[in-house]
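Work through the exercises below with the sequence and the model side by side, and try each task before reading its solution.

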Amino acid sequence: MLFLVVALFLFGALLGTAAHVPVPVTVAAGIAITAWLVFFFTKERRKAGRTTKGAGR
């Protein structure tokens, strides 16, 4: 997942709209997206752990 974030960041910085935005703004947006993905991943991981435990009953 982290590889995808880095790859998309590089594509965006080199080819997309991010190429027209200052570097600090691009880095801040990348950090925000990475933080959201980590939050979402941990939330889904916890949810999956709860359903697995309850399925055996």
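Helices here are DSSP runs of at least four residues, numbered from the N terminus. The model is a predicted one, and valine 23 has its place in helix H2.

**Exercise 1. Establish the overall make-up of the protein: how many helices and strands are there, and what percentage of the residues is buried?**

Step one is to list the elements, which gives two helices and zero strands. Step two is to turn to burial, where the cut-off is a relative accessible area under 20%; of the 57 residues in the protein, 7% are buried. Step three is to take the accessible surface as a whole, which comes to about 5,000 Å², with 74% of it belonging to carbon and sulfur atoms.

**Exercise 2. Decide whether valine 23 is buried or exposed, and find which nonpolar patch members accompany valine 23 on the surface.**

Begin with the accessibility of valine 23: because its relative value is 59%, and exposed means over 50%, valine 23 counts as exposed. Next, look at the patch, in which Val23 is joined by Leu2, Val6, Leu8, Phe9, Leu10, Phe11, Leu14, Leu15, Val27 and Ile31, the whole set having about 1,200 Å² of accessible area together. Finally, assign the patch to elements: H1 and H2 are those that give two or more residues, and the largest share, eight residues, comes from H1.

**Exercise 3. Describe the largest pocket: which helix gives the most to its lining, and how do the lining residues divide by character?**

First consider the volume, about 320 Å³ of space. Then examine the lining, which consists of 19 residues, with Phe9, Thr26, Ala29, Gly30 and Ile33 lying nearest the centre of the pocket. Both helix H1 (2-15) and helix H2 (23-55) supply at least two lining residues, but H2 gives the most, with nine. As for character, the lining divides into 15 nonpolar residues, four polar ones and no charged ones.

**Exercise 4. Search the structure for salt bridges: how many are found, and which side chains meet in a salt bridge?**

The search of the whole structure finds one salt bridge, in which the side chains of lysine 47 and glutamate 44 meet at 3.5 Å, N to O. Both partners lie in helix H2, three residues apart, or about one turn of the helix. To complete the solution, check their accessibility: lysine 47, with a relative accessible area of 44%, is partly exposed, and glutamate 44, at 32%, likewise counts as partly exposed.

Notes: Residues are numbered from 1 along each chain as its sequence is written. This is a predicted model: local features need pLDDT of at least 70, side-chain atom pairs count only at pLDDT 80 or more; totals for chains, interfaces and linings use all residues. Side-chain values use heavy atoms; hydrogens and water are left out. On a 1 Å grid over the protein atoms alone, a cavity is a set of points where a 1.4 Å probe fits but cannot get out, and a pocket is an open set with protein on both sides within 12 Å along at least five of seven lines; lining residues have an atom within 4 Å of a point. Grid points are joined across faces, edges and corners, and a volume is the space filled by probe spheres set on the points. Ala, Val, Leu, Ile, Met, Phe, Trp, Tyr, Cys and Pro count as nonpolar, Asp, Glu, Lys and Arg as charged, and the others, Gly among them, as polar. Patches are made of residues with over 30% relative accessible area and no salt bridge: like charges are joined within 9 Å, nonpolar side chains (Val, Leu, Ile, Met, Phe, Trp, Tyr) within 5 Å. Accessible areas come from the Shrake-Rupley method with a 1.4 Å probe; for residues, only the protein chains shown count as cover. A salt bridge is a side-chain nitrogen of Lys or Arg within 4 Å of a carboxyl oxygen of Asp or Glu. Buried means under 20% relative accessible area, exposed over 50%, partly exposed in between (1.4 Å probe, protein chains only).
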